[in-house]
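Visitor: I'd like a close look at one small part of this model, and then the setting it sits in. Could you take me through it residue by residue?

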Amino acid sequence: MIYRLPLTGIVSITHRMTGVVLAMGLILYVASFFIILQGNDAYEQLQAILDYTIIRMAIWFFVYALFFHLCHGIRHLIWDVGEGFEKDQMDRNAIIELALSFILTLIFY
C-alpha cells in the first residue's frame, strides 16, 4: 500500500518552506543595506555579487516565495470564514494559489 500526499498537503509543506526562505531572505536583505552603508567599494562588490546567475535565481525564488506565502495566507483567511473545505474546492484553490503566485512573480519582473 502506497500513501500519496494530497495536493493540499504538498502546498501546506511548501508554505512552511517558503516561510523559512522568506526569513533567510529578509536577513540577507537587511545585510545588503548594511553593506551599502559601508561605502562605494562595498556597494560595487555587492553589485558584482548580485550579477551571478545563481544569486539572480535565488532572488527570483525569494520573490516567488513571497507571492506564494501571500496567496496561501489569503487561502487561510478564506478557510477562517468557514469556506473552501470540500475536497474539490481545496484542490482547485491549491492550483489557483500555485498559478497565481507564479503569475504575480512574472508580473513583478
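Let's zoom in on K87: does this residue count as buried or exposed, and at what relative accessibility?

Guide: K87 counts as exposed, with a relative accessibility of 58%. For the cut-offs, buried is under 20% relative accessible area, exposed is over 50%, and partly exposed is in between, using a 1.4 Å probe and protein chains only. Before going on, a word on the ground rules: this is a predicted model, where local features need pLDDT of at least 70 and side-chain atom pairs count only at pLDDT 80 or more, while totals for chains, interfaces and linings use all residues. Numbering starts from 1 along each chain as its sequence is written, and side-chain values use heavy atoms, with hydrogens and water left out.

Back to K87. Its partner is D91, and the two form a salt bridge with the closest N and O atoms 3.1 Å apart; the term asks for a side-chain nitrogen of Lys or Arg within 4 Å of a carboxyl oxygen of Asp or Glu. Both residues belong to helix α4 and are four residues apart, so about one helical turn separates them. D91 has a relative accessible area of 22% and therefore counts as partly exposed.

Just ahead of that helix is F85, in the loop between α3 and α4. With a relative accessible area of 45%, F85 is partly exposed. Setting aside neighbours within four places in sequence, F85 is in contact (heavy atoms within 4.5 Å) with W79 and M90.

The K87 pair has company, as a search of the whole structure turns up three salt bridges. One of them joins E97 and R75 through their side chains, again at 3.1 Å, N to O. E97 sits in helix α4 (residues 87–108) and R75 in helix α3 (residues 53–80), so this pair ties together parts that are 22 residues apart in sequence. While K87 is exposed, E97 and R75 are both buried. Another salt bridge brings D51 and R56 together, also at 3.1 Å, N to O. R56 has 47% relative accessibility and so counts as partly exposed.

Further along α4 you come to S101, which is buried, with a relative accessible area of 0%. Leaving out neighbours within four places in sequence, S101 is in contact with Y64, F67, F68 and C71. Y64 belongs to helix α3, and with the same kind of sequence neighbours set aside, Y64 contacts L98, S101, F102 and T105. There's a C-alpha distance to go with that: Y64 and L106 are 42 residues apart along the chain, and their C-alpha atoms are separated by 8.9 Å.

The other end of the chain has its own pairing. Helix α1 (residues 7–37) and helix α2 (residues 40–50) have axes that come within 6 Å and cross at roughly 140°. The axes are lines fitted to C-alpha atoms, for helices over the stretch in contact, and the angles run from 0 to 180 degrees between N-to-C directions. α1 and α2 are therefore oblique to each other; under 35 degrees would be roughly parallel, over 145 roughly antiparallel, 65 to 115 roughly perpendicular, and oblique is the rest. The contact involves S32, I35 and I36 from α1, with A42, Y43 and L46 from α2. Y43 is partly exposed, with a relative accessible area of 36%, and touches I35 and I36, not counting residues up to four places away in sequence.

How do the two ends relate in space? S101 and I36 are 65 residues apart along the chain, with 30 Å between their C-alpha atoms. Y43 and I96, 53 residues apart in sequence, are 39 Å apart, C-alpha to C-alpha.

Zooming all the way out, the protein chain has four helices and zero strands, where helices are DSSP runs of H or I with at least four residues, strands are runs of E with at least two, and numbering goes from the N terminus. The chain's radius of gyration is 18 Å, against near 13 Å for a compact globule of 109 residues; the value is taken over C-alpha atoms, and the globule rule is 2.2 Å times the number of residues to the power 0.38. Along its principal axes, the C-alpha trace spans about 55 × 35 × 25 Å. Of the 109 residues, 25% count as buried.
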